[in-house]
Amino acid sequence: MKVTLFGVRGSMPAPLRNKEYRDKMVETLSLFAQSKHAATQDVAGFWKTLPPRLRHTAGGDTTCVGVQSNSDTNYVIDFGTGARTLGDSMVSKILAYKGEYILNIFITHTHWDHIQALPFFKPMYFPNVTLRFHSPYPDLDARLSRQMEKEFFPITFHATSSKKEFILFEPGDVLKFEDDRVQVEVHPLKHPGNSYAYKFTEDKKVFIFATDAEFTGEDLEYIRGIAPFFGMADLLVLDSQYTLDESFAKFDWGHTAYTMAVNIAHNWKVRNLALTHHEPAYNDEKVYGIWEDAVEHRNALGASKLKIHLAREGMTFTL
Ligand SMILES: [Zn+2]
Ligand SMILES: [Zn+2]
């Protein structure tokens with residue numbers, strides 16, 4: 001199973017600003033001028049020495065995840081602005097596909113940062129595509145239709161060429177598919193207006209996507225209680241929007257502090273934790289600083305088996 005993160009920003013898109021781009025370039029060029037690689041013009045060798053915050057940008061698009069099974073079937077979680085890139089990448093496959101292309105989709109919740117790129121998701125405009133939405137929301141069709149009413153978008157949801165199907169998928173259900181070994185389960189999360197985690201299992205490998213979710217120090221018993229669902233995941237992509245101070249100031253806003261995310265992943269014996277739903281006000285320096293602090297926190301916990309990743313746009317995990 002391959003998991004690709006197409007959008008990792010929380011709440012609203014936050015593209016790299018010119019000032020930040022310039023600052024990154026100036027710092028990188030200054031480091032090059034001082035490095036031993038400058039004499040031999042070994043740019044590729046120098047590049048490898050750069051810290052991650054200069055080699056990458058975490059990315060500005062909001063939540064969207066692509067899951068590709070070992071039998072090459074695609075699944076989608078959420079339609080934040082990252083879904084535009086995912087949709088574009090699927091077009092050639094759909095054009096080459098003979099017959100009806102069924103795309104299974106999972107929606108965590110319908111806050112804007114999780115649905116706003118649906119109108120720009122190109123597969124929705126192909127008549128041989130069926131978008132099959134799975135979620136615990138009985139009114140999901142109405143919710144998605146509402147954001148594409150004529151006051152907000154030139155074409156309505158049901159006027160687009162694809163077929164749409166809505167399947168109620170609730171905690172306790174286990175969803176299986178014809179011709180694919182992936183199975184999916186769903187679990188509620190604490191978030192204003194609700195949100196749901198999705199768990200994908202294939203050939204004993206487990207991927208769990210859990211945003212938007214608020215876990216605090218008051219939830220320790222609850223966290224232990226839901227370990228049977230979340231425990232032992234090979235990859236957990238978890239909400240970690242806040243610093244610890246912010247999580248106190250923004251209690252009940254529906255997001256988790258990164259230190260708490262590390263505690264939880266350790267408690268659940270997760271193998272790989274990816275911190276996601278980055279605060280839009282944070283630049284790369286701050287976000288990558290959070291990652292470094294999270295690794296330090298893990299070391300302080302003695303959780304040496306837990307690998308911590310910073311969710312980055314375009315990042316792929318192969319399980
Ligand atoms: Zn969100
Ligand atoms: Zn939300």
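# Exercises on a predicted model

β9 and strand β10 (residues 205–210) pair in the antiparallel sense, joined by 5 bridges. The model is predicted. Work through the tasks with the structure open.

## Exercise 1. The β8-β9-β10 run

Task: Find how β8 pairs with β9, and name what lies in the turns on either side of β9.

Solution.
- Step 1. Start with β8 (residues 180–189) and β9 (residues 195–202). They pair in the antiparallel sense over 7 bridges.
- Step 2. Pick a bridge pair to check the register. Val-186 has Tyr-198 in β9 as its bridge partner.
- Step 3. Go to the turn. β8 and β9 form a hairpin with 5 residues between them. Gly-193 in that turn has a positive phi of about 80°.
- Step 4. Move on to β10. Glu-202 stands opposite Lys-205 in β10.
- Step 5. Check the second turn. The β9–β10 hairpin has 2 residues between its strands. Asp-203 sits in this turn, with a positive phi of about 45°.

## Exercise 2. The sheet around that run

Task: Give the strand order of the sheet that holds β8, β9 and β10, and explain why β7 and β13 are its edges.

Solution.
- Step 1. List the strands. The order is β7-β8-β9-β10-β11-β12-β13, an open sheet of 7 strands with mixed pairing.
- Step 2. Look at the ends. β7 (175–177) and β13 (307–310) each have a single partner strand, so one side of each is left without a neighbour in the sheet.
- Step 3. Add the twist. Neighbouring strands here are turned by 20° against each other on average, direction ignored.
- Step 4. Find a parallel pair. Strand β11 (residues 235–239) and strand β12 (residues 272–276) run parallel, joined by 4 bridges. Asp-239 has Thr-276 in β12 as its bridge partner.

## Exercise 3. Two helices on the sheet

Task: Describe how α10 and α11 lie on the strands and how they cross each other.

Solution.
- Step 1. Place α10. This helix lies across β11, β12 and β13, and runs at about 160° to β12.
- Step 2. Place α11. This helix lies across β12 and β13, running at about 170° to β13.
- Step 3. Recall the two quantities to look for. Packed helices are described by the angle between their axes and the distance between the axes.
- Step 4. Read them off. The axes of α10 (residues 258–267) and α11 (residues 284–301) come within 9 Å and cross at roughly 40°.
- Step 5. Classify the angle. α10 and α11 are therefore oblique to each other. Their crossing is right-handed.
- Step 6. Name the contacts. From α10 come Tyr-258, Thr-259, Val-262 and His-266. They meet Ile-290, Asp-293, Ala-294, His-297, Arg-298 and Leu-301 in α11.
- Step 7. Sort them by class. The contact has 5 nonpolar, 3 polar and 2 charged residues.

## Exercise 4. The sheet with β2 and β3

Task: Which strands form the edges of the sheet that contains β2 and β3?

Solution.
- Step 1. Write the order. 7 strands form an open sheet, β6-β5-β4-β3-β2-β1-β14, and the pairing is mixed.
- Step 2. Take the ends. β6 (163–168) and β14 (316–318) are the edge strands, and each pairs on one side only.
- Step 3. Note the twist. From one strand to the next, the average is 20°.
- Step 4. Inspect an inner pair. Strand β2 (residues 64–68) and strand β3 (residues 74–77) pair in the antiparallel sense over 4 bridges. Val-67 stands opposite Tyr-75 in β3.

## Exercise 5. Domains and backbone oddities

Task: State the domain division, then locate the cis peptide bond and the positive phi of Gln-41.

Solution.
- Step 1. Split the protein. Domain 1 covers 2–13 + 57–318, and domain 2 covers 18–55. Their C-alpha centres lie 33 Å apart.
- Step 2. Find the cis bond. It joins Thr-211 and Asp-212, with omega about -10°. Asp-212 is in the loop between β10 and α7 (220–225).
- Step 3. Find Gln-41. Its phi is near 55°, a positive value in a residue other than glycine. Gln-41 belongs to the loop between α2 (37–40) and α3 (43–49).

Key
Residues numbered from 1 in each chain as written. Chains lettered and ligands numbered in written order. Predicted model: local features only at pLDDT ≥ 70, side-chain atom pairs only at ≥ 80, totals over all residues. Axes fitted to C-alpha atoms, helices over the stretch in contact; angles between N-to-C directions. Parallel < 35°, antiparallel > 145°, perpendicular 65-115°, else oblique. Left-handed = near helix turned anticlockwise from the far one by under 90°. Contact = placed C-beta atoms within 7 Å. Nonpolar A, V, L, I, M, F, W, Y, C, P; charged D, E, K, R; others polar. Domains from an automatic or database assignment. Pairing = 2+ DSSP bridges.
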